[in-house]
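I am opening a notebook on a structure that I have not looked at before. I will write down what I looked up, entry by entry, and keep to what can be read off.

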Amino acid sequence: MKSYGETRAVQGVDLVVEKGHVYGVLGPNGSGKSTTVRLLLGLARPDAGEVQLFGESLTEHGPELLKRVGAVVEAPACIPYLSGRDNLRLLEKYVPNRGEAGIEEALARVHLTDAAHRKFKTYSLGMKQRLGIAAAILHDPELIILDEPSNGLDPQGTREVRELIPELAAEGRTIVLCSHLLHEVEQVCDAVAIFQNGRVIAEGPTAQLMGESARLEVQIADLEAAESLLRKSPWATAVSRQNGSIFIAGAGMQAADVNRLLATNGLYASVLRPLKHSLEEVFFELTGEDTNA
Amino acid sequence: MREAIASELFKTLRRRMTYIILGAMAVLVTMFYVILWLRLRQGPDPTVASQVRYESLRQGMSFENVVSYALELERFFATLLCVVFTATMMGNEYDWRTAGLVLSRGVRRRDFVAAKVLVSLGFIVVMVTFGFLVAMACSAWFTNLYHLSYGTFSVARAWNVVASIGRTSFVIVPLVLMSLLFATIWRSAGQAVGFSLGFFFLESIFTGLLDTASGFLGKIPEALLNVNAAAVMSANGAVQGDTGGGGPLGGGSSGGPSVLRGAAVLSAWLVVFLVVSFWRFERRDVQE
């Protein structure tokens, strides 16, 4: 548990992240996701309870566990008077790994080799963000925590980061991605946790979270008969009619099952279209946030 | 720990502020000698007191007295500059959030602070030695110009120089560690510099007021930094021919605590600042 004054920032959070997966952490501002990241990285101390990472206590084995983690927390943090390369050299001095070869590889990976001699303070926000990612991957960590890695990046940079994340996961690393870009999370994350008021209110594979509230649109000649039949089906939790179409909502519902049910009763659909919710819709539905805000 | 020290040195040697501070020391010491030289060029006033003071200044500038004179001068300048150096060294890590970056990679918090303490202590010695070399150069020039005494060169004198540099460095340490402590508590370089230098200047004013007090109030200055630092500095020796100026900045110890007691009180403060700094940093949130 972690509180700031009267506000309880995080309480009883338990995230299970599969090795080699990309795990998205979503939540409105102040929902506790950044505090959770800081607790995981040992940057904030819990008021009560214990933080565990890789199943082990961070209090007891903090330095050993954290050597297996790379992170970009909020904006990238580097020494402004050092060059990009010297910033990585500094980190390599703190936690020695592969020396100059590792530094050059990390710089190349984020396309910063040509600007590596320039001082960090002269970098654009996008370059700073990329150097932050290079710093996070420098010591070859098993777990990479990226808090808003696309902040300040232009569309090209955002795309590069989006492509880099699955690449890192493909190397067997586990990625935890905190992002406000729901579309980005939907594209790259295998699983998602949604935070609100310091707790996880929903967690699971991305496809499952989006599919749990899946809908089907059915266009058919005999609307009355089809609606009556679908209301009696085991998987439909809600059936409504609108503009000459029937909309069915239900968990685990498959279009083929609906089609089979209609056909065996002599009803033939002219249109049968799955209407999946986007992650954005799921997010706003769960958190109750105003989509126009 | 070795890695943390190497990293801290890497940062320090590439930091422009390090060289600016050393340059500032050279400029301040040189300026002081130049101002004294300009004053001496005017010659003494006809009054006896002025002639005594004039002679005292002349003697202070001589190479023979460079240890006691220059190091007393340096104590003041080096304290100001080393407080800025250490407070920014710690405070900037919060401002730039680089403390979080380093600690999140598994660097132990105590190693992180210990490296800063060791580099700060090393910097104090470098600063005092460098300032002393500048003072020696200025003093040698004036000694040659005014045909003053160089004194005798001996091994004992060389050791006295080393010991005096050590004593001067030592009296600066408590205030430097105070700045480290407040940079750790407030997570800010500016506030730590302000508080530490404020204390440095205000302490002498308030203890000056308490000098004439009796009983408990009169004892307060002896438990603080300035009086005890002056006691330790008195072991550097008095300026030959000085009749009570008490060094270039009019300080000096007359009737204060002994050198040993002064060193003990300063050591106690030093330990307190150090222990609280480590304790606070170990337990605090590095980023909120």
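**Entry 1: one residue to begin with**

In which strand of chain A is the place of A:Val72? I looked it up and found A:Val72 in strand S6 of chain A, and I note at once that what I am reading is a predicted model.

Next I asked whether A:Val72 is buried or exposed. I counted 28 other C-beta atoms within 10 Å of A:Val72, and because the cut-off for a buried residue is 20 or more, A:Val72 is buried.

I then listed what A:Val72 touches, leaving out residues up to four places away in sequence, and wrote down A:Gly132, A:Ile133, A:Ala136, A:Leu146, A:Asp147 and A:Pro149. I also checked A:Val72 against A:Arg85, and found that they are 13 residues apart in sequence and 17 Å apart in space, taken from C-alpha to C-alpha.

**Entry 2: chain A as a whole**

I stepped back to chain A, in which I find 11 helices and 14 strands, and whose C-alpha trace spans about 75 × 45 × 35 Å along its principal axes. Of its 293 residues, 41% count as buried. When I took the contacts in chain A with a separation of 6 or more, I saw that residues 24 or more positions apart account for 67% of them.

The domain assignment of chain A gives domain 1 as residues 2-208 and domain 2 as residues 214-276. Taken over C-alpha atoms, the centres of domain 1 of chain A and domain 2 of chain A are separated by 44 Å.

**Entry 3: where the two chains meet**

How many residues of chain A are in contact with chain B? I have 28 residues of chain A in contact with 25 residues of chain B. On the side of chain A that touches chain B, helix H2 (58-66), strand S6 (69-72) and helix H3 (84-94) each supply at least two residues, and H3(A) gives the most, with five residues. I sorted the residues of this side of chain A by kind and got 20 nonpolar, two polar and six charged.

For the complex, I copied out the predictor's own scores, which are an ipTM of 0.81 and a pTM of 0.80.

**Entry 4: the nonpolar cores**

Which residues touch the most other members of the largest nonpolar core? This core has 142 residues, and the ones I noted are A:Ala134, A:Ile145, A:Ile175, A:Leu177, B:Leu81 and B:Cys82. Helix H4 of chain B, residues 66-95, gives the most to this core, with 17 residues.

I followed A:Ile175 further and, leaving aside its neighbours within four places in sequence, found it in contact with A:Val22, A:Tyr23, A:Ile144, A:Leu146, A:Ile165, A:Leu168 and A:Ala169. Apart from the largest core lies another core, of 11 residues, among them A:Ile220, A:Ala236, A:Ile246 and A:Leu262.

**Entry 5: hairpins and turns in chain A**

I looked at strand S1 (residues 2-4) and strand S2 (residues 7-10) of chain A, which pair in the antiparallel sense over three bridges. A:Ser3 stands opposite A:Arg8 in S2(A). Two residues lie between the strands of this hairpin, and A:Gly5 takes a positive phi near 65°.

A further antiparallel pair is made by strand S9 (residues 191-196) and strand S10 (residues 199-205) of chain A, joined by six bridges, and here I found A:Pro205 in S10(A) as the bridge partner of A:Ala191. S9(A) and S10(A) form a hairpin with two residues between them.

I kept a separate note on phi, since most residues other than glycine have a negative value. A:Asn197, in the loop between S9 and S10 of chain A, has a positive phi of about 50° although it is not a glycine. A:Asn243, in the loop between strand S12 (238-242) and strand S13 (245-249) of chain A, has a positive phi near 50° as well.

Why does A:Asn197 count as partly exposed? It does so because it has 16 C-beta neighbours inside 10 Å, whereas A:Asn243 has 7 and therefore counts as exposed.

**Entry 6: confidence in chain B**

Last, I checked chain B, whose mean pLDDT is 86, with 93% of its residues at 70 or more. Over residues 240-253 of chain B the pLDDT is below 50, and I note that this stretch has 35 contacts in the model beyond near neighbours in sequence.

Definitions and conventions: Residues are numbered from 1 along each chain as its sequence is written. Chains are lettered from A and ligands numbered from 1 in the order in which they are written. This is a predicted model: local features need pLDDT of at least 70, side-chain atom pairs count only at pLDDT 80 or more; totals for chains, interfaces and linings use all residues. Two residues are in contact if their C-beta atoms, placed from the backbone, lie within 7 Å. Helices (H or I, at least four residues) and strands (E, at least two) are DSSP runs, numbered from the N terminus. Ala, Val, Leu, Ile, Met, Phe, Trp, Tyr, Cys and Pro count as nonpolar, Asp, Glu, Lys and Arg as charged, and the others, Gly among them, as polar. A nonpolar core is a set of buried Ala, Val, Leu, Ile, Met, Phe, Trp, Tyr and Cys residues joined through C-beta atoms within 7 Å. A residue is buried if 20 or more other C-beta atoms lie within 10 Å of its own, exposed if 12 or fewer, and partly exposed in between; C-beta atoms are placed from the backbone. Domain bounds come from an automatic or database domain assignment. pLDDT is the predictor's confidence in each residue, from 0 to 100. Two strands pair if DSSP finds at least two bridges between them.
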